[in-house]
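Subject: Structure for you to look at

Hello,

Here is the structure I said I would pass on. Please open it next to this email, since the notes refer to it throughout.

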Amino acid sequence: GINWFVGTRFTEPPIKTLSGQLYITNFFKDSQKNIWVLSFYNGLYKYKDFTFTNFLPDPSIASNSNNVFDMLELGGKQYIIATDQNIFRFDGKRFSVFDTTNSQMIRQFNSIGYIKDRWLFFGCSKGVFIYKMENGKWKFAGRTLAGYEVYRMLIEKNDHVWIATDKGLVLFDDADQVITNRATKIFFKDKPVS
């Protein structure tokens with residue numbers, strides 16, 4: 001669950017759960033300084049004005065789509081959500097599948113990487129799915145690291161891409177190298193890095 005530290009002690013804020021338990025997978029802070037709580041089974045919670053509001057990618061509580069692992073803000077209250085079932089768009093109220101034409105996307109995604117207005121990277125147990133912005137729309141551009149299980153991604157301001165995998169920490173000096181699958185260096189080769 002969630003615990004607040006209030007100077008000298010911890011307290012539990014009141015959060016309504018739909019599954020009977022609250023298992024937190026991640027936190028996210030958006031550009032309006034709202035705090036989002038990502039959870040297993042219970043989707044997203046938005047914390048604002050001392051209240052937690054729940055949002056489910058799928059209204060069926062038993063759906064794996066309600067297991068949320070990562071979140072990214074594209075701007076203008078547009079978010080991308082990585083779930084146990086697919087990648088979703090979220091406008092702050094409603095969810096929609098990110099790419100309805102790509103059946104390979106029906107899988108668990110653990111992490112999202114974003115290079116503003118150019119690239120989206122979605123990490124999963126079968127590598128990284130790559131989307132490129134073309135003519136105002138995100139288009140599937142291929143996959144990379146197909147033999148790697150991707151745990152997390154970090155993109156630095158200079159477009160260095162760090163990818164934590166089951167076979168090491170992979171560094172790409174820029175996004176174009178991710179697309180061509182030419183890593184700059186692999187740290188901790190053949191060892192899991194999460």
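The notes below start with the chain as a whole and then go to its sheets, a hairpin and some single residues.

Please keep in mind that this is a predicted model.

The whole chain

The protein chain has 1 helix and 18 strands. Its radius of gyration is 17 Å, close to the 16 Å that the globule rule gives for 194 residues, so the chain is as compact as a globular protein of that length. Along the principal axes, the C-alpha atoms fill a box of roughly 50 × 40 × 30 Å. Of the 194 residues, 45% are buried. Among contacts with a separation of 6 or more, 35% are between residues 24 or more positions apart. The exposed area of the chain is about 10,600 Å², and carbon and sulfur atoms supply 50% of that area.

The sheet that starts with S11

Four strands make an open sheet in the order S11-S12-S13-S14, with antiparallel pairing. S11 and strand S14 (137-144) are the edges; each has a single partner strand, so one side of each is left without a neighbour in the sheet. On average, neighbouring strands here are turned by 20° against each other, direction ignored. As background, strands of a sheet pair through backbone hydrogen bonds, either parallel or antiparallel. S11 pairs with strand S12 (residues 119-124) in the antiparallel sense, over 6 bridges.

Ile115 is a useful residue to click on. Ile115 belongs to strand S11 (residues 109-115), and its bridge partner in S12 is Trp119. Is Ile115 buried or exposed? Its relative accessible area is 4%, and the cut-off for buried is under 20%, so Ile115 counts as buried. Not counting residues up to four places away in sequence, Ile115 touches Phe121, Ile155, Asp159, Val161 and Ala175. Of these, Phe121 falls within S12 (residues 119-124), Ile155 within strand S15 (150-155), and Val161 within strand S16 (residues 161-165). Lys132 is 17 residues from Ile115 in sequence, and their C-alpha atoms are 9.6 Å apart in space.

Asn102 sits in the loop between strand S10 (95-97) and S11. Although in a loop, Asn102 is buried, with a relative accessible area of 10%. A polar atom of the Asn102 side chain lies 3.0 Å from the backbone nitrogen of Gln104. Leaving aside neighbours within four places in sequence, Asn102 is in contact with Phe129, Tyr131 and Phe140. Phe140 falls within S14 (137-144).

The sheet that starts with S15

Another open sheet of 4 strands has the order S15-S16-S17-S18, again with antiparallel pairing. Its edge strands are S15 (150-155) and strand S18 (185-187), each of which pairs on one side only. From one strand to the next, the twist averages 20°. S15 and S16 (residues 161-165) are joined in the antiparallel sense over 5 bridges. Within that pair, Met153 has Ile163 in S16 as its bridge partner.

The S7-S8 hairpin

How many residues of strand S7 (residues 68-75) are buried? The number is 7 of the 8, so S7 is largely enclosed by the rest of the structure. S7 runs antiparallel to strand S8 (residues 78-83), and 6 bridges join them. One of the bridge pairs is Met71 with Ile81 in S8. The two strands form a hairpin with 2 residues between them, and Gly76 in the turn has a positive phi of about 60°.

Positive phi outside glycine

Most residues other than glycine have a negative phi. Two residues to look at in this respect are Phe50 and Asp190.

- Phe50 has a positive phi of about 65° although it is not a glycine. Phe50 lies in the loop between strand S5 (44-48) and strand S6 (51-55). At 76% relative accessibility, Phe50 counts as exposed.
- Asp190 also has a positive phi of about 65° without being a glycine. Asp190 is in the segment after S18. Its relative accessibility is 59%, so Asp190 counts as exposed.

That is what I have on this one.

Regards

Methods:
Residues numbered from 1 in each chain as written. Predicted model: local features only at pLDDT ≥ 70, side-chain atom pairs only at ≥ 80, totals over all residues. Heavy atoms only, no water. Buried < 20%, exposed > 50% of the residue type's maximum accessible area, 1.4 Å probe, protein only. Contact = heavy atoms within 4.5 Å. Polar contact = N/O pair within 3.5 Å; in protein donor to acceptor, adjacent residues only side chain to side chain. Pairing = 2+ DSSP bridges. Axes fitted to C-alpha atoms, helices over the stretch in contact; angles between N-to-C directions. Rg over C-alpha atoms; globule rule 2.2 N^0.38 Å. Areas by Shrake-Rupley, 256 points an atom, 1.4 Å probe, with all protein chains shown as cover.
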